[in-house]
Amino acid sequence: MREQRGGPGAERAHRAREFDAFVAGAAGRLLHAATLLTAETRTRNPHAQALLTDAFAHTYAVWDRLRDEDPYDLTRRDLAARFARTAWRHRGGRGGVLGALPPQERLVLVLRLYEGIAEEQVAALLGLPEARVRAVCARSVAALRAASRKDGAPGAPSGRDGLSRETAA
């Protein structure tokens with residue numbers, strides 16, 4: 001039997017292609033953010049991969065109901081929430097550039113500096129006062145700068161595992 005064109009099967013296939021295209025475009029940047037959060041290295045990041053897979057699964061589950069909502073923003077919020085709920089697992093650094101920072105500080109830094117989210121939005125997402133977000137961000141950046149000076153490198157951390165946006169590609 002022939003399947004009707006434009007039937008439910010074709011619509012499902014179209015939605016699946018849309019989701020696949022979204023994942024192809026967003027996966028690299030979101031995996032880098034997850035890797036920074038879990039303080040893993042780019043080459044060994046199983047926890048980051050698991051967090052991102054779960055966030056993508058959630059986005060896929062609600063994909064049909066997304067109307068005007070940005071799927072990247074939804075996935076990023078879900079990734080941040082999942083990390084916050086499991087942050088106790090990610091206490092010790094595993095070699096990533098942010099490994100010396102506690103999980104909450106890594107989360108604030110990644111959302112503010114890597115993802116470029118405004119303080120007000122980060123505060124609302126994490127349920128913290130804006131002043132707390134500002135203080136955590138300033139303290140974390142200062143700690144990273146001091147650590148990089150101690151290691152002999154001037155300025156803030158950058159490079160393959162750094163916070164710079166150029167490393168996401």
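Of the 169 residues in the protein, 40% are buried. The model is a predicted one, and its secondary structure consists of six helices and zero strands. Followed along the sequence, these elements give the pattern α-α-α-α-α-α. Among the contacts with a separation of 6 or more, 63% join residues that lie 24 or more positions apart.

The buried interior may be approached through the largest nonpolar core, which holds 39 residues. Within this core, F22, L30, L79, L98, L109 and V110 touch the most other members. Two or more residues each are supplied by helix 1 (8-38), helix 2 (46-61), helix 3 (71-85), helix 4 (103-114), helix 5 (119-126) and helix 6 (130-150). Helix 1 makes the greatest contribution to the core, namely eight residues. L79, one of the core residues named above, illustrates how positions remote in sequence are brought into contact: apart from its neighbours within four places, L79 contacts L30, A34, L37, L51, L52 and A55.

The packing of helix 1 against helix 2 can be described next. Their axes come within 9 Å and cross at roughly 140 degrees. Because angles over 145 degrees would count as roughly antiparallel, helix 1 is classed as oblique to helix 2. The crossing of helix 1 past helix 2 is right-handed. On the side of helix 1, the contact is formed by F19, F22, V23, A27, L30, L31, A34, T35 and T38. On the side of helix 2, the partners are H47, A48, Q49, L51, L52, F56, T59 and Y60. By residue type, this contact comprises 12 nonpolar residues, five polar residues and no charged ones. F22 and L30 take part in this contact, and both also belong to the group that touches the most other members of the core.

T59 offers a closer view of helix 2, in which this residue lies. Its relative accessibility is 0%, and T59 is therefore counted as buried, the limit being under 20%. When residues up to four places away in sequence are set aside, T59 touches F19, F22, P71, L74 and T75. Of these partners, F19 and F22 are part of the helix 1 side of the contact with helix 2.

H58, also found in helix 2, presents another environment. With a relative accessible area of 28%, H58 is partly exposed. Beyond residues up to four places away in sequence, H58 touches L74, D78 and R82. One of these partners, L74, is 16 residues from H58 in sequence, and the two C-alpha atoms are 9.1 Å apart in space. L74 is also among the residues touched by T59.

The description may be completed with helix 3, where A80 is found. A80 has a relative accessibility of 3% and so counts as buried. Residues up to four places away in sequence aside, A80 touches L107, L111 and L125. A80 and L37 are separated by 43 residues in sequence, whereas the distance between their C-alpha atoms is 8.5 Å. L37 is also one of the residues in contact with L79.

Terms used: Residues numbered from 1 in each chain as written. Predicted model: local features only at pLDDT ≥ 70, side-chain atom pairs only at ≥ 80, totals over all residues. Heavy atoms only, no water. Core = buried A, V, L, I, M, F, W, Y, C linked by side-chain atoms within 4.5 Å. Buried < 20%, exposed > 50% of the residue type's maximum accessible area, 1.4 Å probe, protein only. Helix = DSSP H or I, 4+ residues; strand = E, 2+ residues; numbered from the N terminus. Contact = heavy atoms within 4.5 Å. Axes fitted to C-alpha atoms, helices over the stretch in contact; angles between N-to-C directions. Parallel < 35°, antiparallel > 145°, perpendicular 65-115°, else oblique. Left-handed = near helix turned anticlockwise from the far one by under 90°. Nonpolar A, V, L, I, M, F, W, Y, C, P; charged D, E, K, R; others polar.
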